[in-house]
Amino acid sequence: MRVGLIVSTAMVALAAASPAHAQADVRRYDIEAQDLAAALRRFAAISGREVVASAELVAGKRSGGVRGQYVPDDALAQLLAGTGLRVELVEGAFVLRPFD
């Protein structure tokens, strides 16, 4: 399934983001508390960034939402708060993984 959220079971290598690029990408987020998959699709639409996660990883999880102006990394961190998931930046995409 791909509509801003890519569902995949493949794992990819870790990459680093440029701090200068991150500061220039502040956007307004107004994502209500909801099912995590739906919140991630909305996040992808606003940020213009891909989010990669297995369907099993996000199933049954909820996001508390995020409101305000943030760089994508910070907005996604708020969406994932309390879900037991972490994010890695891989070739420009956000890849979700469980905390070890």
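1. Arg 97 is buried, with a relative accessible area of 8%. This arginine belongs to a set of charged side chains: salt bridges that share partners join Arg 86, Glu 88 and Arg 97 into one network. The structure is a predicted model, and every value below is computed from it.

2. Which residues does Glu 88 bridge to? One partner is Arg 97, whose side chain meets that of Glu 88 at 2.9 Å, N to O. Another is Arg 86, with the closest N and O atoms 2.5 Å apart. Glu 88 is buried because its relative accessible area, 14%, falls under the 20% cut-off. Arg 86, at 22% relative accessibility, counts as partly exposed.

3. The whole structure holds 4 salt bridges. One of them joins Arg 67 and Asp 30, at 2.6 Å from N to O. Arg 67 lies in strand β6 (residues 66–70) and Asp 30 in strand β2 (residues 27–31), so this pair ties together parts that are 37 residues apart in sequence. Both residues are partly exposed: Arg 67 has a relative accessible area of 49%, and Asp 30 has one of 42%.

4. Gly 68 also lies in strand β6. Is Gly 68 buried or exposed? Gly 68 is buried, at 11% relative accessible area. Leaving aside neighbours within four places in sequence, Gly 68 is in contact with Arg 27, Arg 28 and Tyr 29. Its C-alpha is 6.6 Å from that of Asp 30, although the two residues are 38 positions apart in sequence.

5. Next, the overall layout. The chain contains 4 helices and 8 strands, which follow one another along the sequence as β-α-β-β-α-β-α-β-β-α-β-β. Of its 100 residues, 41% are buried. Among contacts with a separation of 6 or more, 66% are between residues 24 or more positions apart. The chain exposes about 5,500 Å², and carbon and sulfur atoms supply 53% of that area.

6. Strand β8 (93–98) deserves a separate point. In this strand 5 of the 6 residues are buried, so β8 is largely enclosed by the rest of the structure. It pairs with β7 in the antiparallel sense over 6 bridges; in this pairing Leu 85 stands opposite Pro 98. With β4, the pairing of β8 is parallel and has 2 bridges. There, Phe 94 in β8 is the bridge partner of Val 51.

7. What lies between β7 and β8? The two strands form a hairpin with 2 residues between them. In the turn, Glu 91 has a positive phi of about 50 degrees. A positive phi, near 80 degrees, is also given for Gly 82, which follows helix α4.

8. Helix α4 spans residues 72–80, and its buried residues are Pro 72, Ala 75, Leu 76, Leu 79 and Leu 80. How are they arranged around the helix? Seen down the axis of α4, they fall within an arc of 135 degrees, so they line one face. The spacing can be understood from helix geometry: an α-helix has 3.6 residues a turn, so residues three or four places apart point the same way.

9. What does this face of α4 pack against? The buried residues of α4 pack against β2, α2 (36–47), β5 (62–63), β6, β7 (85–90) and β8. The list therefore includes both β2 and β6, the strands tied together by the salt bridge between Arg 67 and Asp 30.

10. The largest nonpolar core has 21 residues, of which Ile 31, Phe 43, Val 58 and Leu 96 touch the most other members. Two or more residues come from each of β2, α2, β4 (51–53), α3 (55–58), α4, β7 and β8. Which element gives the most to this core? Helix α2 does, with 6 residues.

11. Phe 43 shows how these parts come together. Leaving aside neighbours within four places in sequence, Phe 43 is in contact with Tyr 29, Ile 31, Gly 48, Val 51, Pro 72, Ala 75, Leu 76, Leu 79 and Phe 94. Of these contacts, Pro 72, Ala 75, Leu 76 and Leu 79 are among the buried residues of α4. Val 51 and Phe 94 are the bridge partners mentioned above.

Definitions and conventions:
Residues numbered from 1 in each chain as written. Predicted model: local features only at pLDDT ≥ 70, side-chain atom pairs only at ≥ 80, totals over all residues. Heavy atoms only, no water. Buried < 20%, exposed > 50% of the residue type's maximum accessible area, 1.4 Å probe, protein only. Arc of directions from axis to C-beta. Contact = heavy atoms within 4.5 Å. Core = buried A, V, L, I, M, F, W, Y, C linked by side-chain atoms within 4.5 Å. Areas by Shrake-Rupley, 256 points an atom, 1.4 Å probe, with all protein chains shown as cover. Pairing = 2+ DSSP bridges.
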